[in-house]
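User: Please take a close look at one part of this structure, namely the contacts made by its aromatic and charged side chains. I would like a connected explanation that a first-year student can follow.

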Amino acid sequence: MNRFSFLLLVLLSFGISAQQSPAETPPPERLTLDTFSYPDFFAGERHAMFALNYKISDTFHAELQTFYDTYLTSNRTRTGLRFKKYLSPKFYVYSGGEIEIAQDKLGSPGCATPRTGVLGGAGYHVKENFVIEAGSNAAVNVSSTGAFGEPAYVMPVISSVTSRIRF
């Protein structure tokens with residue numbers, strides 16, 4: 001069902017863009033969608049992400065991100081809402097919150113207690129299609145959800161450096 005909804009969204013966006021007259025100048029984008037997914041691995045693992053960015057003003061954006069991962073023993077969904085403040089056209093700081101839910105695939109009933117966290121960090125647009133971020137994710141509750149959705153691995157406070165390349 002999720003794949004069908006995503007396909008429908010993509011087809012509608014192509015249909016809307018095809019209806020614009022070539023003489024029209026499109027308005028600046030206020031709402032953008034970035035997505036990616038890794039191919040299925042040998043063990044049936046899947047990894048996917050989307051980020052929906054809403055430009056509130058030239059210097060203030062709201063972004064909803066969701067990551068979905070399947071591993072050998074669990075599925076994991078991590079959703080976060082963060083607010084970005086641009087201090088220059090390329091440099092921004094962000095803050096927000098996130099919730100992570102893990103579901104055991106080995107027969108345990110229900111899900112583990114969801115993990116909630118506070119996000120914070122900074123990012124820099126190196127090029128139009130290349131962004132680097134450094135940030136932290138600190139848990140605000142006690143949860144049995146472990147690192148990578150695996151309860152055997154305790155989830156620490158996470159500091160990370162990430163990058164995103166758009167194709």
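Analyst: The following account goes through the aromatic pairs, the charges over rings, the salt bridges and a nonpolar patch.

The model is a predicted one, and side-chain atom pairs count only at pLDDT 80 or more. A search of the whole structure for aromatic pairs finds two. In one of them, the ring centres of Phe60 and Phe83 are 6.0 Å apart and the ring planes meet at 5°, so this pair is stacked. The cut-off behind that word is an angle under 30 degrees between the planes. Phe60 belongs to strand E3, residues 60-70, and Phe83 to strand E4, residues 74-86, so the pair ties together parts that are 23 residues apart in sequence. Phe60 counts as partly exposed because its relative accessibility is 32%. Phe83 is likewise partly exposed, at 35% relative accessibility.

The rings of Tyr86 and Tyr92 form a pair with another geometry: their centres are 5.1 Å apart and their planes stand at 50°, so the pair is tilted. Tyr86 and Tyr92 are both buried.

Rings also meet charged side chains. The charged end of Arg78 sits over the ring of Phe67, at 4.2 Å from the ring centre. Arg82 lies over the face of Tyr94, and here the distance to the ring centre is 4.2 Å.

Arg82 leads on to the salt bridges. Side chains of opposite charge can pair when their charged atoms come close. The count of salt bridges comes to seven. In one of them, the side chain of Arg82 meets that of Glu63, with 2.7 Å from N to O. Arg82 lies in strand E4 and Glu63 in strand E3, so this salt bridge ties together parts that are 19 residues apart in sequence. Arg82 has a relative accessible area of 4%, and is therefore buried. Glu63 is buried as well, at 2% relative accessibility. Through salt bridges that share partners, Glu63, Arg82, Lys84 and Glu133 are joined into one network.

Two further salt bridges may be set beside this one. Asp69 and Arg76 meet through their side chains at 2.8 Å, N to O, and both Asp69 and Arg76 are buried. The side chains of Asp58 and Lys55 form a salt bridge at 3.3 Å, N to O. Asp58 counts as exposed because its relative accessibility is 62%, whereas Lys55, with a relative accessible area of 23%, is partly exposed.

The last topic is the nonpolar surface, where the stacked pair appears again. A nonpolar surface patch of about 730 Å² is made by Leu31, Leu33, Leu52, Tyr54, Ile56, Phe60, Leu64, Leu81 and Phe83. Strand E1 (31-38), strand E2 (46-57), E3 and E4 are the elements that give two or more residues to the patch. E2 gives the most, with three residues. Leu33 is found in strand E1, and this residue counts as partly exposed because its relative accessibility is 39%.

Taken together, two links between E3 and E4 stand out from this account. The stacked rings of Phe60 and Phe83 connect these strands, and so does the salt bridge between Arg82 and Glu63. Phe60 and Phe83 are also members of the nonpolar surface patch, while Arg82 and Glu63 are buried.

Methods. Residues are numbered from 1 along each chain as its sequence is written. This is a predicted model: local features need pLDDT of at least 70, side-chain atom pairs count only at pLDDT 80 or more; totals for chains, interfaces and linings use all residues. Side-chain values use heavy atoms; hydrogens and water are left out. Rings of Phe, Tyr and Trp (its six-membered ring) pair if their centres lie within 6.5 Å; planes under 30 degrees apart count as stacked, over 60 as edge-to-face and the rest as tilted. Helices (H or I, at least four residues) and strands (E, at least two) are DSSP runs, numbered from the N terminus. Buried means under 20% relative accessible area, exposed over 50%, partly exposed in between (1.4 Å probe, protein chains only). A charge sits over a ring if NZ of Lys or CZ of Arg is within 6 Å of the ring centre and within 35 degrees of the ring normal. A salt bridge is a side-chain nitrogen of Lys or Arg within 4 Å of a carboxyl oxygen of Asp or Glu. Patches are made of residues with over 30% relative accessible area and no salt bridge: like charges are joined within 9 Å, nonpolar side chains (Val, Leu, Ile, Met, Phe, Trp, Tyr) within 5 Å. Accessible areas come from the Shrake-Rupley method with a 1.4 Å probe; for residues, only the protein chains shown count as cover.
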